[in-house]
Amino acid sequence: MMGHSHALSGAVGWMALVPVLDGTEVLGITFHMGPGEIIAGALVCAGAALVPDLDHKSATITQTYGILTKTLGAFLNWAFGGHRNGTHSLLFALLMGAIAQGTTLWSEMAAQIFVFLLVGIAFNGLGFGMDKNRTASGVINAMVTAGITLALYSAGTDYTWLGAAVALGCLLHFAGDIATHMGVPLLWPFTGYRVGQNVGFKTDGKVERNVVTPALTIAVVLYGFYLFDWPELLPRT
Ligand SMILES: [Zn+2]
């Protein structure tokens with residue numbers, strides 16, 4: 001799938017998970033989903049849904065933060081055995097989730113920075129005024145991202161869900177690749193078998209452009225309306 005489809009699937013996936021996660025306890029963490037958590041989670045999950053393609057040097061995400069993402073991408077490509085290999089495994093999703101969760105345990109600042117980077121990746125992936133003028137779009141992107149991160153910070157958003165959102169984003173990326181012709185070696189490094197190889201629709205083909213991307217966009221809007229009525233969004237008494 002194209003970057004923007006992956007990012008959209010991340011946002012949709014998170015919004016679909018919110019009603020399930022709210023009030024649930026997993027590994028001693030109780031999730032409380034308020035507006036900040038819903039918005040931040042959707043953006044983080046959208047950004048995380050692009051992370052597995054960091055191993056490809058021409059992917060949108062690899063270009064997001066210039067030398068920073070390019071170096072990271074080159075490292076991941078090397079460490080995980082080339083494009084669409086280890087970065088497309090369950091192990092990678094688990095690892096990314098653990099790193100994300102680790103930042104929340106380590107320091108609030110680290111978690112904020114992590115969120116900031118992923119939100120920026122999400123906006124870039126969604127095609128926020130891209131291509132025409134890269135510098136301007138970069139500046140706008142950075143400003144919007146900073147504004148949102150700051151708003152989330154002052155709203156006292158808690159990040160107990162960060163690991164879950166990042167792992168989910170990676171898993172949704174795999175689902176997207178499996179849905180297209182690309183196979184995904186989910187059980188890497190144990191086996192290189194590619195799930196979903198040569199089945200599904202073509203990347204950026206008619207199905208993706210006319211069905212999948214519009215459907216995901218509509219889902220974002222519908223979930224937005226649905227969650228707007230979410231009890232947690234009402235002022236807490
Ligand atoms: Zn991929």
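**Notebook: zinc site and surroundings**

I began with the zinc ion, whose protein donors are Asp-53 (OD), His-88 (NE2), His-173 (NE2) and Asp-177 (OD), at 2.1 to 2.4 Å from the metal. I note at the outset that the model is predicted. Next I checked the geometry: the four donor atoms subtend angles of 89 to 173° at the zinc ion, so the arrangement is irregular. For reference, ideal angles for four tetrahedral donors are 109.5 degrees. I then read off the spacing of the donor residues in sequence, which is D-x34-H-x84-H-x3-D. Asp-53 sits in the loop between helix 2 (35-48) and helix 3 (60-64), while His-173 belongs to helix 8, so this pair ties together parts that are 120 residues apart in sequence. I found both Asp-53 and His-173 to be buried.

**Salt bridges**

I looked up the salt bridges and counted two. One joins Arg-84 to Asp-177, with the closest N and O atoms 3.7 Å apart. Here distant parts of the chain are linked, as Arg-84 is in the loop between helix 4 (67-79) and helix 5 (90-106) and Asp-177 is in helix 8, 93 residues away. Both Arg-84 and Asp-177 are buried. I recall that Asp-177 is also one of the zinc donors.

The side chains of Asp-204 and Arg-209 form a salt bridge as well, at 3.3 Å from N to O. I looked up the accessibility of each partner. Asp-204 has a relative accessible area of 31% and is therefore partly exposed, whereas Arg-209, at 54%, counts as exposed.

**Loop between helix 8 and helix 9**

I turned to the backbone of the loop between helix 8 (162-179) and helix 9 (206-228), where Leu-187 lies. Pro-189 is placed in this loop, and the peptide bond leading to Pro-189 from Trp-188 is cis, with omega near 0°. Asn-198, in the same loop, has a positive phi of about 65° although it is not a glycine. I find Asn-198 exposed, because its relative accessible area is 61%. Asp-204 also lies in the loop and has a positive phi of about 60°, again without being a glycine. I set these entries against the general expectation: most residues other than glycine have a negative phi, and most peptide bonds are trans.

I also searched for nonpolar surface. Leu-90, Leu-171, Leu-187 and Phe-190 make a nonpolar surface patch of about 430 Å².

**Helix 6**

I tested the length of helix 6 (residues 108-126). At 1.5 Å a residue its 19 residues should span 27 Å, and the end C-alpha atoms are 27 Å apart, which agrees. I listed the buried residues of helix 6, among them Ala-110, Val-115, Leu-118, Ile-121 and Phe-123. Just after helix 6, Gly-127 takes a positive phi of about 85°.

**Separations in sequence and space**

I compared two pairs, C-alpha to C-alpha. Ala-46 and Ser-9 are 37 residues apart in sequence and 6.9 Å apart in space. Ala-46 is in helix 2 and is buried, as its relative accessible area is 2%. Tyr-226 and Ala-40 are 186 residues apart in sequence and 17 Å apart in space. I located Tyr-226 in helix 9; at 44% relative accessibility, Tyr-226 counts as partly exposed.

Technical notes
Residues are numbered from 1 along each chain as its sequence is written. This is a predicted model: local features need pLDDT of at least 70, side-chain atom pairs count only at pLDDT 80 or more; totals for chains, interfaces and linings use all residues. Side-chain values use heavy atoms; hydrogens and water are left out. Patches are made of residues with over 30% relative accessible area and no salt bridge: like charges are joined within 9 Å, nonpolar side chains (Val, Leu, Ile, Met, Phe, Trp, Tyr) within 5 Å. Accessible areas come from the Shrake-Rupley method with a 1.4 Å probe; for residues, only the protein chains shown count as cover. A salt bridge is a side-chain nitrogen of Lys or Arg within 4 Å of a carboxyl oxygen of Asp or Glu. Helices (H or I, at least four residues) and strands (E, at least two) are DSSP runs, numbered from the N terminus. The expected span of a helix is 1.5 Å times one less than its number of residues. Buried means under 20% relative accessible area, exposed over 50%, partly exposed in between (1.4 Å probe, protein chains only). Donors are N, O and S atoms within 2.8 Å of the metal (3.2 Å for Na, K and Ca); water is not among the atoms, so sites may look incomplete. Four donors count as tetrahedral if all angles lie between 85 and 135 degrees; four count as square planar and six as octahedral if opposite donors are over 155 degrees apart and all others between 65 and 115; anything else is irregular.
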